[in-house]
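Student: I would like to go through this structure with you and ask how each label that we attach to it is justified.

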Amino acid sequence: MKVIHTIHEMQQWAMAAHKVQKVIGLVPTMGFLHEGHMSLIDTAKNNGATAVVVSIFVNPIQFGPNEDYDSYPRDFEHDRKMCEERGVDVIFAPEVKEMFPEPLTCHVGETCISQNLCGKTRPIHFQGVTTIVAKLFLAALPNLAVFGRKDAQQAAIIRRMVRDLNFPITIVTSPIVREASGLAMSSRNKYLSEDEHDRALSISRALSAAREKFRNQANVSKAELVNDIRRNIEKAGGVVDYVELTDSDTMLPVPELNRNGSFTIAVAAKFGTTRLIDNIQL
Ligand code: AMP
């Protein structure tokens, strides 16, 4: 496994790989890797990647001024070992100065999907995401890129970016990996105290209960499911940012349930100072 730190070397490697007909699969991450990230590597291979590049970059421009950029957990040696064991070909781990030698005056922005859900509370977040993902695409030159359904809104925005800007890259989404407890795996789970962790299980439990209700009650309404989830999370001491019913493909909010569409309920809630997101496809 190779570790590459510069954009130039990454592009050279990718062009050489294309010359020998490799199918490059990119897995963008912010590191502090866990089994959720590892599953994306497997998904890349299962979707035809014959060379997997994992990028590890804590992207400063997707964090707001009062967010956790400085305290975001980092452990490169641990990440390196995990990637090596999972059969990754390249880790692309640029320094901030390599990606942003000067403050950017050009950005990539999505102006529809990004205005909802997390975009309301984190106004600059998605522009930071689309910009860094575009830069990573132009560094690693992948044929396909894998994003987790854990960040379903992010995946929908990237699909829209690729469609609108004609990136010749297939976007693959991969299912949410959960702890045995049900909590969606996240690098940020490290911030949770034991008590917060236990109370945060209310998120996945409330989402599963909502899905059960949708499946068992023909006429259940959006309001009923959303209110149930909100109540259960608040009962466990969580501070709800949003609970929203969305179209599973676009992640845009929808006004009401029906039996024809594919719906996803997305949640963001804080336990202590830790903001967690999760979602479930009904
Ligand atoms: P992050 O390092 O948190 O920015 O995540 C990098 C990628 O891993 C994103 O595409 C996430 O959606 C994905 N990811 C993070 N956690 C999970 C999880 N529990 N299950 C599946 N994918 C995940």
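Tutor: Let us begin with a term: a contact means heavy atoms within 4.5 Å. With contacts so defined, residues 24 or more positions apart account for 73% of the contacts in the protein chain with a separation of 6 or more. Please keep in mind that this is a predicted model, in which local features need pLDDT of at least 70 and side-chain atom pairs count only at pLDDT 80 or more, while totals for chains, interfaces and linings use all residues. Residues are numbered from 1 along each chain as its sequence is written, and side-chain values use heavy atoms, with hydrogens and water left out.

Student: Why is the protein chain called as compact as a globular protein of that length?

Tutor: The secondary structure comes to nine helices and nine strands (DSSP runs, H or I of at least four residues for helices and E of at least two for strands, numbered from the N terminus). The radius of gyration, taken over C-alpha atoms, is 19 Å, and the globule rule (2.2 Å times the number of residues to the power 0.38) gives 19 Å for 282 residues, so the chain is as compact as a globular protein of that length.

Student: What makes Gln153 buried?

Tutor: Buried means under 20% relative accessible area, exposed over 50%, and partly exposed in between, with a 1.4 Å probe and protein chains only. Gln153 has a relative accessible area of 5%, and is therefore buried. Gln153 lies in helix α7 (residues 152-165), and, leaving aside residues up to four places away in sequence, Gln153 touches residues including Ile113, Phe126 and Met251.
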